[in-house]
There are 2 protein chains.
Amino acid sequence: MILSTKGRYGVRAAFDLALHYGEGPITLKSISERQNLSDPYLEQLIAILRKDGLVTSVRGAQGGYLLSRHPSKISVGDILRSLEGPMAPAECVLDDQDKECIKADYCVTRILWEKIMDSIDKVIDSISLQDMADDYERIEKDYTQEEGENVDKKKSLC
Amino acid sequence: MILSTKGRYGVRAAFDLALHYGEGPITLKSISERQNLSDPYLEQLIAILRKDGLVTSVRGAQGGYLLSRHPSKISVGDILRSLEGPMAPAECVLDDQDKECIKADYCVTRILWEKIMDSIDKVIDSISLQDMADDYERIEKDYTQEEGENVDKKKSLC
DNA sequence: CTTAATCCCGACTGATTTAGTAGGGATTAC
DNA sequence: GTAATCCCTACTAAATCAGTCGGGATTAAG
């Protein structure tokens, strides 16, 4: 049940934008460098976020991307659902008449999928990009300073 | 983020076994008929559950499958993790040194994935097959009696 | 002892999704 | 005018999904 890179990279990109919120347009290239992502690929992901109104773009030289709202008003859930679709474990819990289960609202399995979806939504909607940025300021910065260049090559970022 | 059919069908099969717990070996064929699943495919899924010790088999004529423990002692999480692997949104939260994130335990993104995984685990581990069977006895049976043959062909089971 | 009902196992496959790459077009600050 | 950007479409290799297929092993029942 691993999320695809879309959702994972997308969260990292959005988190990066949150860290630089208020600094004007951030270029795709700087995001992909800091986050270690292929930039043509990241471009596609940001395009989705833009279509969903989570990110705004400024074209031309000195252009770049910005979060369209304050980071405290954008949740990780907004980003994940935009890129991955609804966090439904099964199609039957989607708001789509055709995808509805034959047994409709008295289906035990459906109740299960709904409980799972609700619990995922609850967590991801309760965490904003601002929360992540705050956590970063609190814990991550200290470490990165004292860290040398001796990173284990087998390991990657998440 | 839709679960694969493995997990979804597997839960239905396990639920079916829970409903017939105590009735001796249940044949694959009867499960696949009741649950409307292809039986060679279901066979593969049950093989996984068997290898993970959740289901026991009895070979030969009059054989079939049984839950290896009382339905109240098997959670939906046991079934799902057996078939789908750990409910981790990213590899870095797995207990595997090599898959660990470079930034290890001070990575903000990792904390996020962990929170999501924990919340999924909490729900799926809190629901046992017995719980599902009980729900079924309570709500589903009433409906199926009064229901006619007029099912919407576009819809399926979940 | 034969037979039918079962489970058991590995190989194969078409369709879809994933995780990108490639290449060029449009826009704008300088 | 030009360099730095974002914007868009098309392509692709590899992996995964969702099965199918065919035969082998085991055992209860007659």
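These are my notebook entries on two protein chains and two DNA strands in a predicted model.

**Ground rules.** I number residues from 1 along each chain as its sequence is written, letter chains from A and number ligands from 1 in the order in which they are written, and leave hydrogens and water out, with side-chain values resting on heavy atoms. As the model is predicted, local features need pLDDT of at least 70 and side-chain atom pairs count only at pLDDT 80 or more, while totals for chains, interfaces and linings use all residues.

**Chain A, overall.** I started with the elements, taking helices (H or I, at least four residues) and strands (E, at least two) as DSSP runs numbered from the N terminus. Chain A has six helices and two strands, and their order from the N terminus is α-α-α-β-β-α-α-α. Along the principal axes, the C-alpha atoms of chain A fill a box of roughly 55 × 40 × 30 Å. I then checked burial (buried is under 20% relative accessible area, exposed over 50%, partly exposed in between, with a 1.4 Å probe and protein chains only). Of the 158 residues in chain A, 46% count as buried. For contacts (heavy atoms within 4.5 Å), I looked at pairs at least 6 apart in sequence in chain A, and 63% of these join residues at least 24 apart.

**Helix H2 of chain A.** I went through residues 28–35 and found A:Leu28, A:Ser30, A:Ile31, A:Ser32 and A:Gln35 buried. H1, H3 and E2 of chain A are among what covers them. Just after H2(A), A:Asn36 has a positive phi of about 65 degrees.

**Where the chains meet.** I counted 53 residues of chain A in contact with 53 of chain B. The two chains bury about 5000 Å² between them, 72% of it on carbon and sulfur atoms; buried area is the accessible area (1.4 Å probe) that two parts lose on being put together, summed over both. On the chain A side, A:Met1, A:Tyr106 and A:Cys158 supply 18% of the area buried against chain B, more than any other three residues.

**The core.** A nonpolar core is a set of buried Ala, Val, Leu, Ile, Met, Phe, Trp, Tyr and Cys residues joined through side-chain atoms within 4.5 Å. The largest has 90 residues, and those with the most contacts inside it include A:Trp113 and B:Leu80. I followed B:Leu80 and found that its contacts beyond four places in sequence include A:Trp113 and A:Ile116 as well as B:Val11 and B:Ile124.

**DNA strand C.** I listed 23 residues around this strand (a heavy atom within 4 Å), with A:Ser38, A:Gln44, B:Glu43, B:Arg50 and B:Ser57 the closest. For polar contacts, I looked for pairs of N or O atoms within 3.5 Å. The side chain of A:Ser38 has an N or O atom 2.7 Å from a phosphate oxygen of strand C, and a polar side-chain atom of B:Arg50 is 2.9 Å from a phosphate oxygen. On the base side, a polar backbone atom of A:Ala61 lies 3.4 Å from a base oxygen.

**DNA strand D.** Here I found 24 residues, among which A:Glu43, A:Arg50, A:Ser57, B:Ser38 and B:Gln44 come nearest. Of the strand D atoms within 4 Å of the protein, 70% belong to sugar or phosphate and the rest to bases. B:Ser38 puts a polar side-chain atom 2.6 Å from a phosphate oxygen of strand D. For B:Thr5, a side-chain N or O atom is 2.9 Å from a phosphate oxygen of that strand. H3(B) gives the largest share of the surface near strand D, three residues.

Methods. Polar contact = N/O pair within 3.5 Å; in protein donor to acceptor, adjacent residues only side chain to side chain.
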